[in-house]
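Colleague: I am new to this structure. Please take me through the chain and its ligand.

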Amino acid sequence: MLLSRLTERFDLDHPVISAPMGFNGGGRLAAAVSAAGGLGLIGGGYGNEPWLREQIVAAGNQRVGCGFITWSLKQQPQLLEIALESAPAAMFLSFGDPEPFAARIRGAGVPLICQVQTVADARRAIEVGADVVVAQGAEAGGHGQKRATFTLVPEVADLIAVRAPETLLCAAGGVADGRGLAAALVLGADGVVVGTRFWASEEALVHPDVQAAVVAASGDETLRSHVIDIMKGFDVWPERYAMRSLMSAVTDRWHGHEAELRTVVAAEAAHYAEAAARGDARTVGATVGEGIGLIHEIAPAATILRTMISEAEDILRKAPAWIAA
Ligand SMILES: Cc1cc2nc3c(=O)[nH]c(=O)nc-3n(C[C@H](O)[C@H](O)[C@H](O)COP(=O)(O)O)c2cc1C
């Protein structure tokens with residue numbers, strides 16, 4: 001068993017949180033991760049009220065949390081109330097200033113997890129009273145920025161040690177097996193937030209053909225771009241966040257040609273939506289991170305979690321032998 005301040009504070013068996021993956025991480029996945037001893041989060045994403053209510057029901061009696069895209073939540077603040085009514089184990093906010101929601105969440109007695117991509121944003125998360133700061137590196141699937149996990153995590157750990165030693169730290173971005181988990185703990189994190197590895201689980205809401213394409217791909221085959229957001233009608237993201245996905249015919253054609261894409265987007269978006277509905281990964285890609293090169297099978301979330309823990313334990317058990325007497 002790997003114990004940390006995260007397992008202690010959240011009463012978990014394992015220091016692993018499943019990322020709130022918008023529309024891919026529903027109640028079933030969150031519940032499976034929590035049932036296996038981690039903390040599962042529903043991916044509220046941009047917000048869709050019927051979908052959110054459905055996923056809260058799908059989580060059943062498991063203690064799960066919920067995450068939202070912060071800038072988008074400002075447009076539908078009622079979604080936060082729906083999530084809070086379900087007595088979530090935590091609320092997770094990423095991509096924007098958490099200040100407008102922090103007091104409401106903490107006032108409801110719900111722990112606030114803030115995912116950040118820079119040290120400046122980590123400072124802000126501490127200021128608004130985050131219980132957990134998640135340092136997200138550029139390897140991550142989905143939206144993010146440019147800092148790498150390997151340097152961002154220890155830099156934020158140093159900041160927390162000075163400014164808010166009670167605040168917990170998790171690492172996100174590229175943690176797809178026990179090596180990543182062990183490394184994150186060594187870098188100073190209390191736990192990890194894992195997206196891509198759980199995206200490739202049986203419980204994720206993902207077309208099986210798309211999962212199969214990703215399992216066959218290498219970590220070389222992803223890129224960070226604005227193209228998919230434009231295609232999906234989300235050309236409203238603040239410029240600093242771009243989305244990492246599997247390379248595809250769509251990104252091959254349009255990455256670097258975004259202005260031209262915007263002039264023909266209506267027709268292109270219709271083709272994109274059609275291809276996405278039939279699970280045509282070659283055309284549309286998939287929202288995944290560099291960790292795909294470490295994923296060789298789709299498995300139940302509980303198996304993924306158990307394997308990650310036992311691999312990390314093996315590594316850390318051997319660590320004392322690395323030091324010469
Ligand atoms: C399919 C997918 C969807 C995501 N959607 C969201 C989201 O809606 N909100 C959010 O805060 N983070 C989202 N993320 C990013 C995660 O919070 C997390 O930072 C990331 O998955 C960690 O890196 P990894 O994918 O290498 O494990 C998403 C990630 C993936 C893979």
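Modeller: A polar contact here is a pair of N or O atoms within 3.5 Å. The model is a predicted one.

Colleague: Which backbone atom lies 2.8 Å from an oxygen atom of the ligand?

Modeller: The distance of 2.8 Å falls within the 3.5 Å cut-off for a polar contact. The protein partner is a backbone N or O atom, and the residue is Gly-195.

Colleague: How much of the ligand's accessible area does the protein cover?

Modeller: On its own, the ligand has 590 Å² of accessible area. The part of this that the protein covers is 96%.

Colleague: Which residue has a polar side-chain atom 2.8 Å from an oxygen atom of the ligand?

Modeller: Pro-20 has a backbone N or O atom 3.3 Å from a nitrogen atom of the ligand. The side-chain contact to an oxygen atom of the ligand, at 2.8 Å, comes from Gln-115.

Colleague: How many charged residues are in the shell around the ligand?

Modeller: The shell includes residues of β4 (91–94) and α10 (196–199), at least two from each. By class, 10 residues of the shell are nonpolar and 12 are polar; the number of charged residues is none.

Colleague: What radius of gyration does the protein chain have, and why does it count as compact?

Modeller: The chain has 17 helices and 11 strands. For 325 residues the globule rule gives 20 Å, and the chain comes close to this, so it is as compact as a globular protein of that length. Its radius of gyration is 19 Å.

Colleague: What share of the 325 residues counts as buried?

Modeller: Buried means under 20% relative accessible area. Of the 325 residues, the share that counts as buried is 57%.

Key. Residues numbered from 1 in each chain as written. Predicted model: local features only at pLDDT ≥ 70, side-chain atom pairs only at ≥ 80, totals over all residues. Heavy atoms only, no water. Polar contact = N/O pair within 3.5 Å; in protein donor to acceptor, adjacent residues only side chain to side chain. Areas by Shrake-Rupley, 256 points an atom, 1.4 Å probe, with all protein chains shown as cover. Helix = DSSP H or I, 4+ residues; strand = E, 2+ residues; numbered from the N terminus. Nonpolar A, V, L, I, M, F, W, Y, C, P; charged D, E, K, R; others polar. Rg over C-alpha atoms; globule rule 2.2 N^0.38 Å. Buried < 20%, exposed > 50% of the residue type's maximum accessible area, 1.4 Å probe, protein only.
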